[in-house]
Amino acid sequence: MKKTIATLGILTLGLALSMAAGCSRDEAKETAAQAKEAAAEATAAAGAAAGEAAAKVEQKVDDAAAQVEAAADPVARCRELAAKGAWADALEPCAKAHEMKPDDMALEHALQQARAAVAQ
């Protein structure tokens with residue numbers, strides 16, 4: 001990005017110098033055309049970079065929202081940790097999840113596994 005802007009600046013400076021040095025009209029037109037082309041390329045590169053940056057930010061926001069949602073829902077968090085086998089971390093969310101859904105046998109089993117892991 002900085003390189004493109006620097007190139008644009010150099011071409012603009014070249015245009016100004018060529019006009020001041022008394023270059024022919026055709027040379028000045030050619031330099032002006034090059035400056036316009038460089039400006040168009042710089043604009044396109046800046047737009048592409050901004051689009052990529054926006055997509056990365058959007059993905060990070062989506063990931064963070066999913067993590068917050070999972071942390072706010074003990075049932076989802078318990079199931080996530082149980083799937084990973086992270087029993088030591090699963091005790092609190094699985095205890096809350098089991099309170100919310102005492103008839104869910106998968107949550108009860110996960111709670112038992114988490115208790116056994118912590119007891120060791």
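How many disulfides does the structure hold? The structure holds one. This is a predicted model, and the disulfide is a good place to enter it.

First, the overall layout. The protein has five helices and zero strands. Read from the N terminus, its elements run α-α-α-α-α. Of its 120 residues, 18% count as buried. Take the contacts with a separation of 6 or more: 44% of them join residues 24 or more positions apart.

Now the disulfide itself. The partners are C78 and C94, and their sulfur atoms lie 2.0 Å apart. That distance is within the 2.5 Å cut-off, so the pair counts as a disulfide. The angle about the S-S bond is 95°, and the link of C78 and C94 is right-handed. The pair links distant parts of the chain. C78 sits in helix α3, residues 74–84. C94 sits in helix α4, residues 87–100. The two cysteines are 16 residues apart.

Are C78 and C94 buried or exposed? C78 has a relative accessibility of 1%, so C78 counts as buried. C94 is buried as well, because its relative accessible area is 0%. The threshold for buried is under 20%.

Both cysteines belong to the largest nonpolar core. This core has 10 residues: V75, C78, L81, A90, C94, A97, L107, A110, L111 and A114. Three elements give two or more residues to the core: α3, α4 and α5, the last spanning 105–119. Which of them gives the largest share? Helix α5 does, with four residues.

V75 shows how one core member is surrounded. Leave aside its neighbours within four places in sequence. V75 is then in contact with A97, M100, K101 and L107. Of these partners, A97 and L107 are listed in the core too.

Next, the packing of α4 and α5. A pair of packed helices is described by the angle between the axes and the distance between them. Here the axes of α4 and α5 come within 8 Å and cross at roughly 140°. Why is α4 called oblique to α5? Angles over 145 degrees would count as roughly antiparallel, and 65 to 115 as roughly perpendicular; the crossing at roughly 140° falls in neither range, so α4 is oblique to α5. The crossing of α4 and α5 is left-handed.

The contact draws on many residues of both helices. Helix α4 contributes W87, A88, A90, L91, C94, A95, A97 and H98. Helix α5 contributes L107, E108, A110, L111, Q113, A114, R115, A117 and V118. The disulfide cysteine C94 is thus found in this contact, just as C94 is found in the core.

Two further residues fill in the picture. Q112 is in helix α5. At 45% relative accessibility, Q112 counts as partly exposed. Q112 and L91 are 21 residues apart in sequence, yet 8.7 Å apart in space, C-alpha to C-alpha. L91 is one of the α4 residues in the contact with α5.

E99 lies in helix α4. Is E99 buried or exposed? E99 is exposed, because its relative accessible area is 66%. E99 and P74 are 25 residues apart in sequence, and their C-alpha atoms are 9.8 Å apart in space. P74 falls within the residue range of α3, 74–84.

How values were computed
Residues numbered from 1 in each chain as written. Predicted model: local features only at pLDDT ≥ 70, side-chain atom pairs only at ≥ 80, totals over all residues. Heavy atoms only, no water. Buried < 20%, exposed > 50% of the residue type's maximum accessible area, 1.4 Å probe, protein only. Core = buried A, V, L, I, M, F, W, Y, C linked by side-chain atoms within 4.5 Å. Contact = heavy atoms within 4.5 Å. Axes fitted to C-alpha atoms, helices over the stretch in contact; angles between N-to-C directions. Parallel < 35°, antiparallel > 145°, perpendicular 65-115°, else oblique. Left-handed = near helix turned anticlockwise from the far one by under 90°.
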